[in-house]
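Work through the following exercises on pockets and their linings. Each task is followed by a solution in steps.

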Amino acid sequence: MLKEGILTSFGLKRVAMISMVIDHIGSFLLGAMLVPYMAGGTLTVNGDSPAALWQIMKGQELCHILGRMAFPIFCFLVVEGFLHTRDRVGYGVRMGIFALLSEIPYDLVQFHRVFSFRLQNVMFTFTVAIFTLLAITKAEERWAEKGGVRMAAIAAITAAGMGAALLVRGEYVFLGVLAAVLVYLLRDRGRLRVLGLAPLLIVSPWTALAVPVLLLYNGQRGKGNKWFFYVFYPVHFLVFAALAAVITG
């Protein structure tokens, strides 16, 4: 990215965290507020529905729109982290460890149980993405002088990574891995790297809101604690689970 941007990687991370929290306010807290309006687990809305219900639903929609910025920014930052870390294997292992530590808090707030195989937290997707990128770098090194073989290997590794993401069932599944790979392959294209996030538009067109923010990136690390997000991620799920339980009684 060009140096005249105003946001460092830590600045981008803070924006993504705020977006994530807003999204989860809509999903978990406003979602809990909808429980009294449900019958048999189903929410029925019609012209006679109370005004409060409509306001909660509008609030949820706004939260989800603003929350769509989080994943594209985090995905971009995972690739940045991969490119700049001195220990790429350790980076992937660290992400995997915190994916495991975050799973119970995630399932508590998402599915109201200690563990569920329905969907896993987003750190699992990022873990698969990191090891997919690691395999791609090995292919680039091995077939550096054989362009056709190199591209075929990259395509095969990407497909394998997407398949692994489907098996793991982390949030954004194979689209998250594909987006990370594309951002990585565009690593020398400056601001055009954001085009690698295009597959995420399939999930929601509002992911495009992340683009103006990413264009403000100046390529600098900035000041911050790299461990803060790793810890914040599972803890904020526990907080939301507790608050949702209070709301629903």
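**Exercise 1.** State how many residues of each class line the largest pocket of this predicted model.

Solution. Step 1: a pocket, on a 1 Å grid over the protein atoms alone, is an open set of points where a 1.4 Å probe fits, with protein on both sides within 12 Å along at least five of seven lines, and lining residues have an atom within 4 Å of a point. Step 2: Ala, Val, Leu, Ile, Met, Phe, Trp, Tyr, Cys and Pro count as nonpolar, Asp, Glu, Lys and Arg as charged, and the others, Gly among them, as polar. Step 3: the lining of the largest pocket has 11 nonpolar, 6 polar and 6 charged residues.

Residues are numbered from 1 along each chain as its sequence is written. Local features need pLDDT of at least 70, side-chain atom pairs count only at pLDDT 80 or more, totals for chains, interfaces and linings use all residues, and side-chain values use heavy atoms, without hydrogens and water.

**Exercise 2.** Find which residues lie nearest the centre of the largest pocket, and which element gives the largest share of its lining.

Solution. Step 1: of 23 lining residues, Lys 13, Leu 77, Gly 81, Tyr 91 and Arg 221 lie nearest the centre. Step 2: helices are DSSP runs (H or I, at least four residues), numbered from the N terminus; α3 supplies the largest share, 6 residues.

**Exercise 3.** Describe the lining of the second largest pocket by class and by main contributor.

Solution. Step 1: its lining has 13 nonpolar, 6 polar and 3 charged residues. Step 2: α1 gives the most, 5 residues.

Key:
Helix = DSSP H or I, 4+ residues; strand = E, 2+ residues; numbered from the N terminus.
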